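Hi,

Here is the structure I promised to pass on. Have a look at it first, and then read on for what turned up when I went through it.

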Amino acid sequence: MVEAAGLVGSGQVEPDAPQYNATLVARSDENSSLGYFTIRLDGDPVPFEPGQYMTIGVMAGGRMVQRPYSVASSPRTAGNGYELYIRLVEGGQFTPLLWQLPLGHRMRMIGPKGKFTLQPDDPRTHLFISSGTGNAPFVSMIRTQIVDGLSRPVLFLNGVSYTEELGYRALVEGWQRDRTFPLTYLPTVSRAADPRNAGWTGRIGRVEAIVEPVCREFGLTPDNAIAYLCGNPDMILNAHATFQALGFAEEAIRKELYWPKGKEPKLAAAEGIDPAVNDDE
Ligand SMILES: Cc1cc2nc3c(=O)[nH]c(=O)nc-3n(C[C@H](O)[C@H](O)[C@H](O)COP(=O)(O)OP(=O)(O)OC[C@H]3O[C@@H](n4cnc5c(N)ncnc54)[C@H](O)[C@@H]3O)c2cc1C
């Protein structure tokens, strides 16, 4: 199984296939391993709720290789395509294939799925807590609220190793600066001493480690706040435990895990684990 996964990862992507129903129409790179991909469906766009995900795939090595991704764009602009914010996982089965695709390449996109969505008219302060590319669903939620002329108070935490991994930073800082949306952006870098983070004056440490201090600083309690957690499983489990200790009810700790805890790329492949299957499905 491990060898098979390696073959698929290095295989040729088929340029066309009957399963393809979408086209890669735009791509920009945050850095060499983080990219924004816009994929447009052939027909009418399918409606989705901000926070939901789509599954994209290509044919390679004689089979469909596909993975789920949170949509970062708003459903209000789905006619232009669905923007996804993706990390290249070395040794992964799908992302090395995706990184090879030229603009205009055909692919498959199905969905939406997922229950990681905003509760209607919830007046509580929203703690959006993400690691890495886990900020994508939150960007969709805020973009949509802006288009719809709605808002809710948000503290937007994003944890990365290096400042260059702070995807959507300029966009979110712009919303905060212009008061387009009532949010406070709190990025944090975990490898503060690394030369790549030279000059960083923001928060330091893993995002789950700043949860408790941030709650204290902003006066957030189980009575006035709700937490949304998205990204890597260790971050989510640690942040979940912190919120439980602070007295938050389970309904006020909402979670989207990007992969099963403790699964590395080759292990996941060897065990036949499908990361498309999420806890909430
Ligand atoms: C509901 C849902 C939404 C998701 N949304 C996104 C998204 O918006 N952006 C995104 O980049 N990924 C997202 N993922 C993860 C994505 O589906 C793939 O798991 C990931 O792109 C790796 O695929 P792969 O085939 O290259 O690696 P695989 O061969 O499947 O290896 C998977 C392993 O790679 C590691 N891994 C997976 N995702 C990441 C990551 N983002 N950063 C670091 N290591 C990782 C884990 O160890 C995991 O077990 C999401 C997953 C789920 C379940």
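Let me start with Thr-38: leaving out neighbours within four places in sequence, Thr-38 is in contact with Thr-23, Leu-24, Val-25, Ala-26, Asn-80, Gly-81, Tyr-82 and Glu-83. You'll find Thr-38 in strand β2, which covers residues 34-41. Thr-38 counts as buried because its relative accessible area, 14%, is under the 20% cut-off. Please keep in mind that this is a predicted model.

One of the residues touching Thr-38 is Glu-83, and that one deserves a look of its own. Glu-83 sits in strand β5, residues 82-87. Is Glu-83 buried or exposed? With a relative accessible area of 17%, Glu-83 is buried. Its side chain has a polar partner: a contact of 2.4 Å joins the side chains of Glu-83 and Tyr-168. Setting aside residues up to four places away in sequence, Glu-83 touches Tyr-36, Phe-37, Thr-38, Ser-70, Val-71, Ala-72, Ser-73, Arg-143 and Tyr-168.

Now for the wider view. The protein has seven helices and twelve strands. Out of its 281 residues, 50% count as buried. If you take the contacts between residues at least 6 apart in sequence, 74% of them join residues at least 24 apart.

Among the helices, I spent a while on α6, residues 233-245. Helix α6 has 13 residues and spans 18 Å from its first C-alpha to its last, close to the 18 Å expected at 1.5 Å a residue. At its start, a side-chain oxygen of Asn-232 comes to within 2.9 Å of the backbone nitrogen of Asp-234. Just after the end of α6, Gly-247 takes a positive phi of about 95°.

Which residues of α6 are buried? They are Pro-233, Met-235, Ile-236, Ala-239, His-240, Thr-242 and Phe-243. The elements covering these buried residues include β7, α5, β11 (225-231) and β12 (253-257). Leu-237 is also found in α6, but Leu-237 is partly exposed, at a relative accessible area of 39%. If you're tracing the chain, note that Leu-237 and Lys-261 are 24 residues apart in sequence and 9.0 Å apart in space, C-alpha to C-alpha.

How does α5 pack against α6? Helix α5 (residues 211-218) meets α6 at an angle of about 40°, and their axes are 10 Å apart. That makes α5 oblique to α6, because the angle is neither under 35 degrees nor in the 65 to 115 range. On the α5 side, the contact is made by Val-211, Glu-212 and Cys-215, and on the α6 side by Ala-239, Thr-242 and Phe-243. By type, the residues of this contact divide into four nonpolar, one polar and one charged. Ala-239, Thr-242 and Phe-243 also appear among the buried residues of α6.

Helix α3 is another one to look at, at residues 136-148. Its 13 residues reach 19 Å from first C-alpha to last, close to the expected 18 Å. The buried residues here are Ala-136, Pro-137, Phe-138, Val-139, Ser-140, Met-141, Ile-142, Thr-144 and Gln-145. Gly-149, just after α3, takes a positive phi of about 70°.

Finally, some backbone details to check in your viewer. Most residues other than glycine have a negative phi, and most peptide bonds are trans. Here are the spots that go the other way:

- The peptide bond from Gly-111 to Pro-112 is cis, with omega near 5°. Pro-112 lies in strand β6, residues 106-113.
- Asp-121 has a positive phi of about 50° although it is not a glycine. Asp-121 belongs to the loop between β6 and β7 (125-131), and at 74% relative accessibility Asp-121 counts as exposed.
- Arg-179 is not a glycine either, and its phi is near 55°, a positive value. Arg-179 is found in the loop between α4 (169-178) and β9 (183-189). With a relative accessible area of 72%, Arg-179 is exposed.

That's it from me; shout if you want to go through any of this together.

Cheers

How values were computed:
Residues are numbered from 1 along each chain as its sequence is written. This is a predicted model: local features need pLDDT of at least 70, side-chain atom pairs count only at pLDDT 80 or more; totals for chains, interfaces and linings use all residues. Side-chain values use heavy atoms; hydrogens and water are left out. Axes are lines fitted to C-alpha atoms, for helices over the stretch in contact, and angles run from 0 to 180 degrees between N-to-C directions. Helices (H or I, at least four residues) and strands (E, at least two) are DSSP runs, numbered from the N terminus. Angles under 35 degrees count as roughly parallel, over 145 as roughly antiparallel, 65 to 115 as roughly perpendicular and the rest as oblique. Contact means heavy atoms within 4.5 Å. Ala, Val, Leu, Ile, Met, Phe, Trp, Tyr, Cys and Pro count as nonpolar, Asp, Glu, Lys and Arg as charged, and the others, Gly among them, as polar. The expected span of a helix is 1.5 Å times one less than its number of residues. Buried means under 20% relative accessible area, exposed over 50%, partly exposed in between (1.4 Å probe, protein chains only). A polar contact is a pair of N or O atoms within 3.5 Å; within protein, one must be able to donate a hydrogen and the other to accept it, and residues adjacent in sequence count only if both atoms are side-chain atoms.
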